[in-house]
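Colleague: I've got a model open on the bench computer and a few things to ask about it. Can we go through them one at a time?

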Amino acid sequence: MTKTNRQPQTDERAIVAGTTIRFVLLVALLLVSSGRMMLDVALGFYGEGDMSCVLAAGGDPSQNSSLYIGAIVHAPAFEACTASYQSSPPWWLPLVVWPTLLLIGAGLLFWGLPAWRTRRGRVVPLEAIDRDGALHRLLGELAAGAGLARVPRVVVDPAAPSTGAVVFGRNGRPTVCLDGGLLARRRTDPLGFRAVLLHELAHIRNGDVTITYVTVSLWRVFLGLVLLPFLARYITMFAHELGSTIGPNEEPMATRGLLLTVFLVVLVYLARADVLRSREMYADLAAVRWGADPRTWAARTPAAAGGAPRPAFGSFAELWRTHPRWDLRRDALTNPAALFAVPALPMFLTGAAAALINAHLWSLAQQYAPNNKWAEQAAALTAAALVSGVAGIALWRAVAHAGLTARRAPSGVRAGLWLGAGMAAAELFVNRAVLFGWLPAQPAVLVLVVLAGVVFAWWTTQCAQLWSGVWPGRRIWTAMLPGLAAGCVALSAWFAWWQGVGTIIGHGWQVNPDGVRQLLMQGLSPDQAAEHYTALSAIAFVWPQLQTITYLPVVLSAVAVLWLMPLLAWVIPPAPVSPRWVRDAVGASGGVPPHGEGLPPLRRALLPGLLGGVLSWAVVVCVMAYMHTWQPPLGQRDVTTLLYQAWVFLALLAAVVTAAVIASVLASRYRLLIALIAAETAALAGFAGVFVLADMDGCVQPLNTLQSSCVVSPASIWLGFQHILGVILVLGALVAVFAAAAVSAIRRAWPPATQGPRAGRDGLLARRTCVGALCAVAVVITLTQEIPRVLKRPLEHAPAVGRIVPGDNTAVSAHTRAMQVIAWSRVGGWALMDRFAADARSLSEVLREAATVTKGVIDPARVRPFCDDLAQIARDADRFFPVPEPQAQSRWQEFIAQARESSADCGQALDQENGRLFLVAVREMTEAGDTLKAVKDRIGTVAHDGGF
């Protein structure tokens, strides 16, 4: 006889199911979507469809990549324009009124559903049928066995021929409705009757009733109060825009608005059906645990029908069912592995729902709190928390179950691909990364969205493997919660970066290095500029790109938790063979499996990190020795300082790359976590050495670079190099991800012959010392970097938008140019011209009156207001949009200069009572009027050439 190793049966209750947070995700999606969608509806009555401000800023509706570049570069003028010409509905309308109406409507429906389902003529109380009280006594017995405090209300639907039952109402006052066929089945199949009752009682015991019917009520009210008005709004807009001058360019945006309704309906329905299927299986397991006969489920398994296409169709049809197939339910009773799996559909739906929530919240923040970093970060954090709660718990459950059943743990990559695919798909339905096109100007940017999901799932899975293997406590939830929180912080940084920079890249915008290079070369002699042109050009191109990944305050905190959370596992003492949480999870079903795989030696992460740090020290020493040979005078060291900082950056980058690659090669398990720890250790160790070398500059003659004498000034060194450290810490995390992924791919093709050793009990004190020191340094560095960023105003830590230009330089059409200059005139250009004309007419009247009435004597009190207003016109024109046409803008700038000069001369002439200077000022004002006429003529010509 062949001996088989019996795997222990896992108790599904030992690890939190995570279905409740999935319902929370749906509710959050409906509430957030209601606010954003009704804002769209309301904006239709507030001039939202008017593109005048965008056109006046130079936006081109035919080019998705350059539509809003003027709005960003000229942000103050654009905000003033939209405030005057595109007023928004009050904030309480989308943020308070509609969500409140939605909740009130859902509450009324929730309370009314039980009354409707138990209305007279459809169901009868159980007492009307149970004359002898036998059924009531049976229910009392079963309810007591299920742990219910009281017997639920029971009604019967005598007209229903089916043999099922349903529970509805709320957890505190549930109602169980029995079909008439089920009562008839009681005498022929008492075990089946008992199993059905226990299953429904399990729904009550598990708290399924309230949250299920709250979601149902909320969804039905959402359809009537939000989705239908939103659909009507977009159908109207679609019909209107097709007939307008820029309608064909807005067709993709309007179409996405219509498709969003379809996507949202499918998303909510599939997500709700998936959760309900899981809860049905949990209720089945609870019923069997309370005494239901498992053969009841086997008896109801239908025979498989023939035909090849049926399995594929059945899998597709299963996605839409709220109850799983009987064969799946039967299999889950003997092997609940399906409840611990990470299927593709839930991950896809989670990613899509979270991306929609993030997009809608971010849009609301931009509408009512523009450039408010806290509002934007709150939007990112909300979406990240929901993803961590849903996808993170699912991954932790899968890893823990694999360890308890001695199976191979999932890598998380497949789940991450589906999670990222859901986020990328949702981006195609919201007008963010793509506006007036069908795809982003840079479609490859959506690959970053997918990779973000992969990295999150990969890191979460490895973190779950690491901690579930070492955690000795009673509940795995204690270790799971910090891991989920760390993943939430990291993912919130991604969402914040995506909504702030990633979408800009999607529009095809890129950093223009020319302006940065000119800034770096200011003050250099022609010989110095020529000598360092290549190096400064490289810095001008690379450094602004790197700033786009580090400008957010939360990004360094995200990097810190990514490597400190797994690092803390090495301070845990070796766990017993079967800690309490493992014994509780396995129960009495069989033997307890070995607990985890143990920890790899910590030196596999720290030694590569220290080696990388030493390498950076050596590189910096060589650089200092080389730069000492051409050390310039003290007054000409700005460019030398910049080049020195560039070499330090390259040395630290080489350190983290070396450490990440070596650690990835040495690691046989937890490769991503080991690479992260090694890379960040190399960054900190390398920076520490570089800091000392820079502070000792001038103390060692062959290494004198920027100083000629030994002056120790750590504060100035920190100010000069801290910005490099922040960039290196972020790049270290990215490098670790790519190194671990590359080595994992190679190892999959050529697997190693043996596994690496595990860490034993020895060296616990040394491990705790190393981990404590690294954590302390990392926390201090993160705080010193993050606090100044948090205290800054939003635009102070953002990339310089003036250096961002659209990647598509296609010439603007004559028709679009005409719309731009007409819009520029309508939203303020004509008003400025009219003000100047009115002042010129009034001043002429004063001068004529002086010539005819007062015999040439001019009253300064009557003239000075015109001089002052002329200066104000020049200031207002300078703050307004430039004319979106090169020739007209050239003359407009000339007019502003003339108006400013005329005002200054006028005021000075009045102060000095200088008649000759006053005549000069009047002549200058006349010249400004002639220039302004040329601007008007050019605008008229452009409008005529464009068909207006």
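Colleague: Is Thr-503 buried or exposed?
Modeller: Bear in mind that this is a predicted model. Thr-503 has a relative accessible area of 5%, and the cut-off for buried is under 20%. So Thr-503 counts as buried.

Colleague: Where does Thr-503 lie, and which backbone oxygen does its side chain reach?
Modeller: Thr-503 is part of helix 19, which runs over residues 477-506. At 3.5 Å from its side chain sits the backbone oxygen of Gln-499.

Colleague: Leaving out residues up to four places away in sequence, which ones does Thr-503 touch?
Modeller: Gln-499 is the residue whose backbone oxygen the Thr-503 side chain reaches, but that's a separate matter from this list. With residues up to four places away set aside, Thr-503 touches Arg-432, Ala-433 and Trp-498.

Colleague: On to empty space. How many cavities of 30 Å³ or more are there, and what volume does the largest have?
Modeller: Rolling a probe the size of a water molecule over the atoms shows where empty space is left. Here the structure holds four such cavities of 30 Å³ or more. The largest cavity has about 110 Å³.

Colleague: Which residues are closest to the centre of the largest cavity?
Modeller: The lining is made up of 13 residues, and by class 10 are nonpolar, one is polar and two are charged. Helix 1 (19-43), helix 10 (247-289) and helix 15 (344-368) each give at least two of them. Closest to the centre are Leu-25, Ala-271, Pro-346, Leu-349 and Thr-350.

Colleague: Helix 15 caught my eye there. How far apart are its end C-alpha atoms, and what span should its residues give?
Modeller: Helix 15 is mostly covered, with 20 of its 25 residues buried. Its end C-alpha atoms are 37 Å apart. Counting 1.5 Å a residue, the 25 residues should span 36 Å, so the two agree: 37 Å against 36 Å.

Colleague: And the second largest cavity: which helix gives the largest share of its lining?
Modeller: That cavity has a volume of about 60 Å³, and its lining includes Trp-563, Glu-680 and Thr-782. Helix 23 (555-567), helix 27 (671-695) and helix 29 (764-791) each give two or more residues. The largest share, four residues, comes from helix 23.

Colleague: How do the lining residues of that second largest cavity divide by class?
Modeller: Leu-556, Val-559 and Ala-560 are among the residues that line it. The lining divides into eight nonpolar, one polar and one charged.

Definitions and conventions
Residues numbered from 1 in each chain as written. Predicted model: local features only at pLDDT ≥ 70, side-chain atom pairs only at ≥ 80, totals over all residues. Heavy atoms only, no water. 1 Å grid on protein atoms, 1.4 Å probe; cavity = no way out; pocket = protein on both sides within 12 Å on 5 of 7 lines; lining within 4 Å. Points joined across faces, edges and corners; volume = space filled by probe spheres on them. Nonpolar A, V, L, I, M, F, W, Y, C, P; charged D, E, K, R; others polar. Buried < 20%, exposed > 50% of the residue type's maximum accessible area, 1.4 Å probe, protein only. Polar contact = N/O pair within 3.5 Å; in protein donor to acceptor, adjacent residues only side chain to side chain. Contact = heavy atoms within 4.5 Å. Expected span 1.5 Å × (residues − 1).
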